[in-house]
Amino acid sequence: MRHARALPAWLAARLWPQRARLVLWLPVAMGAGNAAYFSLSREPGPLWVVAAIMICAIGAGLLRWRGGLLRTRIGVGLSCAACCGFLAAWGAAHRAAPFPDLPRRATHIEGQVMSVEDLPSPTGAMVRRVDLAHVRLRDGIDADMPPMRRTIRLRLRANDAAGGGARQDAQRITPGRWLTVRAMLRPPMPPDLPGGYDAQRRAWFTGIGGSARALEAPRIRDGGPNDAGPGDAGLRDGVGAAWLEDARTRIARRVMTVLPDGRGAMAATLLTGRGGDVSPRMRADFADSGLAHLLAVAGLHLGIVMGIGMAVTRGVLALSERASLFWPCRQIAAVAGLGLGCGYVVLTGGHLPAQRSLVMAAIATLAILTGRRVVSLRSLALAAAMLLLIEPEEMQELPMQMSVAAVMALIAGGEACAASLRALRDAPAAGHRMAGRIARLSLASVLAGTACLPVGMAHFGNVGAWFVLANLIAVPLAALWIMPFGLLALLLMPFGLDGLALVPMGWGNAVVIWLAHHVAAWPGAHVAVPQMPSWGLALFFLGLCWLCLWTLRSWRLWGCVPIACALVTPWLARPPDLVIPAQGRMVALRDGDRLLAGPRGHVDRFVMDDWTRVLDLRAGDLADETATPDGRVACRAGTCVLARHHRHIVVQLHEGGGGIACGQADFVVSLGVDRAPCPGVPRIDPLVLWRSGAQALHVDRDGGIGVLSDRAVRGTRPWVMGPGQHGTPNLPMARAE
């Protein structure tokens, strides 16, 4: 008992020298509360919400009491921060509009164009994707329904990219105009594997209500003042978006005219944010070489643009003696750089990663204006806390996780190696100074790339070995050559002289493309690994925070333990023996390191690629006549038998398949409409898939058969649609009597 009482005192004594770093753990606690909300299997009741609010209120009062013990204040502060993260996620989830109940037939839809993007199709042709707001259904009983509160993502036909044939000039699809088209609608799809990526959750928080595929050429018209819903604010926003979209289109067209190949596609992506001209092969090379971040406008590009703006502004001010002596040149340059960064983010489409980077850049500018440290863990903590309150759902997505991991590793690693890098920088020998510059760049690539590796394992299921070398060459080239010439091209474009800058920019792009292509072909550039589970990723972030946020070396090194454990977690889970997507048109059986899918003609290659990537297995075909050498999988006349640990799972691939030996069946899977094969035997049939979504079967070594469904993993949440993927009917308000 005496030792138990002494433990808090010992802990407080150890924490006292680290008291300046304790505030950095508040965003960590907010992230933990955020993760706790998204990990629930059902929505918390009002009692839980009231309790969280009370904890925040009581904690705020206790924190004002200066006489409290350190350990009490730490506990109360972390509890309040966790409650804030939990409440922010709960509020964001319940502010979103419900999913609409979309018709399952071809119907005419009408909506206002909000954004337009050209994308490459699998056949190589360019198709246009249009986001529609204020969507109305114009057929049948849905004709008098109010506009949808969510956007519909429409995919046009390949030959309708400009509005249809001879009307190409008069009927251009631009934001602000109204579009009517006959299309097939479908809601956001559930995961194809229990525990897989939840596209419905992403759609819920981004305001997407479903997708549509055009069946005919769209009809386009200009909207009136009352077409945008209440007031004309939507119309004014559409006019501004139309002007910006037209400017981006003209810039991209001019760039592709001067540089009509991959160099131009990369330049158009960097200058306008439109990556539709980048070929799939080029994207794969950039991903395998660790250079994919160069094709996604985010913090790196914003930092380069702001740095160029600050350097140019400081140089111009230095030409004036009065400005140099009496004006706050550093602060003026910081504000000018931030303004240029804001313009760049708007020009490139204002994507969420760029917006988050702009928030951090604004905090850095505020630090310059107030005389504080620009790059510090406190600035990162403040930015992370703001983002968790404004966009709590983004903590579950790849861009924010990579940004936080990379920036935290860069700052903490830079602090740990500051003395050594400073000694090389101030060395009298020129060779040592050059070595210091190379060491700084190499250290940045190693720290950021290594911190992002586990995040890539969790989201992509692969790792690369040569990202340090590729970034060591490509990032300085982008900062010192490509982006400066790109900004110069934007300045010269109104005068028709942009070719003077675009051609040198293309030289730099060619070097980066050549580097990505060759590095991607090296052995070990793309190594597939099993996907890291979500709890393994949480363990990694806990270890990374422990390693980076403390200053005492004997403490911070303990963070390597959870990081090492997290890196092992992908190999702890055994892949399922049988998986079925929610649509129920196909099934896949595991045979060693292969995943055999069938029946033929019903295999969705996109789903199959996702399964093989997540489970780290090779793809194979499951034919009507299949027999593996070891006898674990045998198919005949449309019926397959999977043998595992003296258990037999019988799979009926289609209706009318071969007979089922019910006496030997321990479990039955039926893809046909026949729901009553082998009465009394546990089974999965179309009704089970309709109710519970995707299914995964595991056969234990002791012969037990475990079934995991998508509904069991995701639970009952606002973004999880009901059985059969039916949303909320878009009914009009009742008329007042």
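## Two helices side by side

The crossing of helices α14 and α19 is left-handed. In this predicted model, the contact is made by Gln401, Ala405, Met408, Ala409 and Ala412 on the α14 side, and by Leu537, Phe541, Leu544, Cys545, Cys548 and Leu549 on the α19 side.

Two packed helices are described by the angle between their axes and the distance between the axes. Here α14 spans residues 398–416 and α19 spans residues 534–549, and their axes cross at roughly 25 degrees and come within 10 Å. Angles under 35 degrees count as roughly parallel, so α14 is roughly parallel to α19.

## The chain as a whole

If you would like the wider setting, the protein chain holds 24 helices and 20 strands. Of its 737 residues, 45% are buried. Among contacts between residues at least 6 apart in sequence, 67% join residues at least 24 apart.

## A six-stranded sheet

Let us turn to the strands. Strands of a sheet pair through backbone hydrogen bonds, either parallel or antiparallel. In this chain, six strands form an open sheet with mixed pairing, and their order is β12-β11-β10-β9-β19-β20. Its edge strands are β12 and β20 (705–709), each of which pairs on one side only. From one strand to the next, the twist averages 20 degrees.

Beside the β20 edge, strand β19 (residues 695–699) runs antiparallel to β20, and five bridges join the two. Glutamine 695 stands opposite serine 709 of β20. Helix α22 packs on the sheet, where it touches β9 (578–580), β10, β11 and β12. The direction of α22 makes about 140 degrees with that of β12.

## Strand β11 and its neighbours

A good place to look within the sheet is β11 (residues 594–598). Four of its five residues are buried, so β11 is largely enclosed by the rest of the structure. One partner is β10 (residues 587–591), which pairs with β11 in the antiparallel sense over five bridges. In this pairing, leucine 589 stands opposite leucine 596 of β11. The hairpin of β10 and β11 has two residues between the strands, and glycine 592 takes a positive phi near 65 degrees there.

Strand β12 (residues 618–621) is also a partner of β11: the two run parallel and are joined by four bridges. Leucine 595 stands opposite alanine 619 of β12. Together, β11, helix α22 (residues 605–615) and β12 make a right-handed β-α-β unit.

## Strand β14: two faces, two partners

Further along the chain, strand β14 (residues 633–636) has side chains that alternate. Val633 and Cys635 point to one face and are buried, whereas Ala634 and Arg636 point to the other and are not.

β14 pairs with β13 (residues 626–627) in the antiparallel sense over two bridges, and threonine 626 stands opposite cysteine 635 of β14. The pairing of β14 with β15 (residues 639–644) is antiparallel too, over four bridges. Arginine 636 has threonine 639 in β15 as its bridge partner. In the hairpin of β14 and β15, two residues lie between the strands, and alanine 637 takes a positive phi near 55 degrees.

Note on methods. Residues numbered from 1 in each chain as written. Predicted model: local features only at pLDDT ≥ 70, side-chain atom pairs only at ≥ 80, totals over all residues. Heavy atoms only, no water. Buried < 20%, exposed > 50% of the residue type's maximum accessible area, 1.4 Å probe, protein only. Pairing = 2+ DSSP bridges. Right-handed = clockwise from strand over helix to strand, strands pointing away. Axes fitted to C-alpha atoms, helices over the stretch in contact; angles between N-to-C directions. Contact = heavy atoms within 4.5 Å. Parallel < 35°, antiparallel > 145°, perpendicular 65-115°, else oblique. Left-handed = near helix turned anticlockwise from the far one by under 90°.
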